[in-house]
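Biologist: Could you take a close look at the charged side chains in this one for me? I'd like to know who pairs with whom, who is left alone, and what sits around them.

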Amino acid sequence: MKKKVIKIIIATILFLTALIINFNNELINNIIYFASYIIVGLEIVRKALRNIIRGKVFDENFLMTIATIGAFGIKEFPEAVAVMLFYQIGELFQSYAVDKSRKSISNLMDIRPDFANVERDGEIQKVEPEEVKIGELIVIKPGEKIPLDGYVIEGKSSLDTKALTGESLPRELTEGEEVLSGCINLNGVIKIKVTKEYGESTVSKILDLVENASSKKSKSENFITKFAKYYTPAVVIIALIIAIIPPLVIANATFSDWLYRALSFLVVSCPCALVISIPLSFFSGIGGASRIGILIKGSNYLEGLSNTEIIVFDKTGTLTEGSFEVQKVEAVGISEEELLKITAYSENYSNHPIALSVKKAYGKEIDQKQIIKTEEISGLGIIAKIGEQNILVGNEKLMYEKQIQFTKCDGIGTVLYVAIERKYVGYILIADKIKKDVEKAIKNLKKNNIKQTVMLTGDRKNVGENVAKELGLDKVYTELLPDGKVEKVENLLKEKSKKGKLAFVGDGINDAPVLALADIGIAMGGLGSDAAIEAADVVLMTDEPSKIVDAIHLSKRTMRIVKENIIFAIFVKILVLILSALGISTMWEAVFADVGVSVIAIINALRALKVEK
C-alpha cells in the first residue's frame with residue numbers, strides 16, 4: 001500500500017511539473033510525461049499483457065492500456081498520464097479498506113499453545129506440542145493453556161472454555177473427565193493422559209478451520225470489471241471500424257483523419273467517471289459506516305450486506321451481555337437481603353463469575369472477620385462457617401449429597417441453593433442478560449426482508465431455546481463446539497438463493513472459523529476477541545446488534561448511489577462517443593464532457609458519507 005501511494009505521489013508531481021511549467025522544449029515535456037506514465041501505469045500495462053497471454057483480453061487493464069497508448073499516438077500526453085493516474089487513485093480507494101485491515105488470522109489466534117509439560121522418566125520436560133505422543137502424561141499448571149486433547153488422571157480444577165464454546169461460565173473438571181485443547185486451566189494442577197496427537201487435537205483443527213475457511217468465501221466481482229466485460233470489446237471493435245471502414249467506403253476520406261477519430265474515440269471511451277466514482281461510492285459508504293461505529297473491511301462486503309438473506313448469531317457476548325447477573329432471589333424463612341448476605345460471605349474468597357455476580361448484587365462491604373472458614377467442593381459448591389452458622393451454597397447435586405430437602409428452581413440459568421444448619425433457606429438465580437436492543441434489532445431485520453434468523457451456541461439446550469424463543473428467532477442450535485458451528489453454517493449456506501448472502505455475527509475466538517466461512521462475518525468489536533475481529537468482514541465497534549440493521553440500510557443506499565452513477569456515466573459516455581465518432585466534438589470537448597461527468601458522479605458518490613440511523 002505504501003509503495004502504491006509513493007508511486008502515485010511521484011507520478012503526480014512529475015505530471016503537474018510537465019503540465020504547469022513550460023520548458024520551451026516539447027521533447028523534455030514529453031519525457032517527463034512518459035516518466036510519470038511509466039511510474040504509475042507500467043503495472044497496468046503488464047497486467048493487460050499477462051491477461052492477453054492467458055486469454056482474458058477485454059478487461060479494464062486492457063482498456064486503460066489501449067486508451068492511453070491511443071492518447072500517446074495522437075500526441076495527447078497529458079490525457080494519457082491523467083487517465084492512468086485517475087485509474088490508480090480509484091484502485092487505491094477500492095483496496096485501501098481491505099488491505100489495511102486484513103492480516104494473517106492464524107498469527108492472532110492466541111489459543112495456540114506455546115509448549116507442553118511432559119512427564120518423562122519421572123521428570124517434567126517442556127517440549128513443543130507437536131512432539132508429544134498419544135498415551136504420554138502432560139502436566140498443566142494454573143494459568144496455562146491445555147495443549148492437547150486427553151482425559152484427567154489426577155487433580156481437580158476449573159477450566160476457562162471461552163476459546164471453544166464462547167461461554168463465560170468456567171467448567172469444573174475432575175478425574176476421569178475428558179478435556180479439550182485450547183482451554184485455560186484456572187486453578188489447581190492437573191495431569192492429563194494424551195489421547196490425540198497435536199495435528200488431530202481440537203486447537204489444531206480450529207486453526208485449520210480458520211485458515212481454510214477464508215478460501216471458501218465468496219468474492220463479489222468488481223462493478224468495473226463486470227462493465228468492462230461488455231464495454232471494452234464493444235468500444236475496441238467500434239474504434240477499429242471507425243479507423244478502417246470509412247476510408248474504404250467514403251469518397252475523399254483520408255485514413256489519417258479517421259485514425260485520429262478512432263484514437264479520439266478510444267481516449268473518450270476510457271470510463272474515468274466509473275473508475276473514480278464507483279470506488280469512491282464504496283469508500284464513502286465505508287467512511288459513513290465508521291461514523292456510527294461500523295467498520296466494513298471492503299467494498300465487496302458492503303455490496304454483500306445489501307443481499308443478505310440469512311443472519312446467524314452466536315449467543316454469549318453477541319445477543320447477551322456475556323456477564324452474569326442475579327436475576328432472582330427466592331428466600332424461605334429469612335429475608336432476601338439476609339439470603340444474599342450469607343451467600344456473598346460464603347463466596348467472598350472466590351473469583352468465579354457466579355461468585356462475583358452475587359457479591360455485586362449484595363453491594364455492601366463484607367466483614368471478613370465473620371468468615372470463620374470456607375471450603376470449595378469441586379463441581380458442587382461451598383461449605384462455609386459464617387459467624388456461628390454453618391452454610392451450604394451450591395447446585396442441586398450438593399443438596400442431594402447432603403440430603404437436604406429443597407424446592408427445585410425451573411428458571412433458566414445457574415441456580416445457587418442455600419442451606420443454614422442443613423435447613424433449606426432459598427435460592428439465587430443467576431443468568432446472562434439479553435442485550436437491550438436485541439429484540440428490536442431482530443424485528444427490524446425481519447422488516448428488511450431477512451428470510452431467516454438463526455442462533456448457534458455452545459450453551460445448554462434449555463438456556464439456548466429460551467433465549468431464542470424470547471427474541472423470536474427462527475432456528476436455534478445448542479451445545480455446539482466450533483466444528484459443529486462450522487457444519488451448521490455450511491448447511492445454512494445451501495439454503496440461500498444464488499445472489500443471496502449469509503452473515504454470521506459473533507464475538508469470541510471460537511467464532512473465528514465461522515466468521516471466516518460465512519459470506520459476511522460480523523464481529524462485536526468492543527468486547528470481541530482479536531481473532532474474531534480479524535476474521536470478520538464487518539466489525540460493530542459498539543457491540544450493539546441494532547447496528548446490523550444500520551449496516552444493511554447503509555449498504556442498500558450505497559448500492560443505489562453506485563447504480564445511479566453507472567447509469568448516468570454510461571448514458572453520457574455513449575452520447576459523447578457518438579459525437580466523437582461523427583467528428584462533431586473535438587478531443588478537448590470530449591475530455592471536458594468526460595471530466596464533467598466524473599465531477600457529478602463524485603459529488604453523488606460523496607452522498608454515501610451521510611448516514612441515517
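Modeller: Here's a walk through the charged residues, followed by the rings and strands that go with them. Keep in mind that this is a predicted model.

Some background on the chain before we zoom in. The protein chain has 613 residues, and 54% of them count as buried. It holds 21 helices and 22 strands. Of the contacts with a separation of 6 or more, 65% come from residues 24 or more positions apart.

Now for the charges. How many salt bridges does the count come to? The count is 14. One of them joins Asp 314 and Lys 485, with N to O at 3.1 Å. That pair ties together distant parts of the chain, since Asp 314 belongs to strand S11 (residues 308-314) and Lys 485 to helix H17 (residues 482-493), 171 residues apart. Are these two buried or exposed? Asp 314 is buried, and Lys 485 is buried as well.

Asp 314 also gives us a way over to strand S19, by way of Val 476. The C-alpha atoms of Val 476 and Asp 314 are 9.9 Å apart, with the two positions 162 residues apart along the chain. Val 476 is part of strand S19 and has a relative accessible area of 25%, so it falls in the partly exposed class. If you skip residues up to four places away in sequence, Val 476 touches Met 455, Gly 464, Glu 465 and Ala 468.

Strand S19 brings in another charged pair. The side chains of Lys 475 and Glu 495 form a salt bridge, 3.3 Å from N to O. Lys 475 is in strand S19 (residues 475-477), while Glu 495 is in the loop between H17 and strand S20 (501-506); the two are 20 residues apart, and the pair links distant parts of the chain. Lys 475 has a relative accessible area of 27%, so it is partly exposed. Glu 495 is partly exposed too, because its relative accessible area is 43%.

Next comes Lys 328, which makes a salt bridge with Glu 330. Their closest N and O atoms lie 3.9 Å apart, and the cut-off for a salt bridge is 4 Å. Lys 328 is partly exposed because its relative accessibility is 40%. For Glu 330 the value is 33%, so that residue is partly exposed as well.

There is also a network of salt bridges, which links Glu 119, Glu 154 and Lys 191. Glu 154 falls in strand S4 (residues 150-154), which is joined to S7 by two bridges, the two strands running antiparallel. In that pairing, Gly 150 stands opposite Val 179 in S7. Zooming out, six strands make up an open sheet with antiparallel pairing, in the order S2-S1-S3-S9-S4-S7. Strand S2 (123-127) and strand S7 (178-179) are at the edges with a single partner strand each, so each has one side without a neighbour in the sheet.

Strand S2 (123-127) spans the position of another lysine you'll want to see, Lys 126. The charged end of Lys 126 sits over the ring of Phe 115, 4.4 Å from the ring centre.

And which lysine is buried yet has no salt bridge? That's Lys 359, whose nearest side chain of opposite charge, Glu 347, is 7.2 Å away. Lys 359 lies in helix H13 (residues 353-362). Leaving out neighbours within four places in sequence, Lys 359 is in contact with Ala 344, Glu 347, Asn 348, Ser 350 and Ile 366. Glu 347 is thus on the contact list, even though its charged partner distance is the 7.2 Å just mentioned.

Last, a quick look at the rings. The structure holds 10 aromatic pairs. In one of them, Phe 72 and Phe 77 have ring centres 5.0 Å apart and planes at 75°, so the pair is edge-to-face. Phe 72 is buried because its relative accessibility is 16%, and Phe 77 is buried because its value is 15%. Elsewhere, ring pairs join Tyr 400, Phe 406, Tyr 417, Tyr 424 and Tyr 427 into a cluster.

Key
Residues numbered from 1 in each chain as written. Predicted model: local features only at pLDDT ≥ 70, side-chain atom pairs only at ≥ 80, totals over all residues. Heavy atoms only, no water. Helix = DSSP H or I, 4+ residues; strand = E, 2+ residues; numbered from the N terminus. Buried < 20%, exposed > 50% of the residue type's maximum accessible area, 1.4 Å probe, protein only. Lys, Arg positive; Asp, Glu negative; His and termini not counted. Contact = heavy atoms within 4.5 Å. Phe/Tyr/Trp six-rings, centres within 6.5 Å; stacked < 30°, edge-to-face > 60°. Lys NZ or Arg CZ within 6 Å of the ring centre and 35° of its normal. Pairing = 2+ DSSP bridges.
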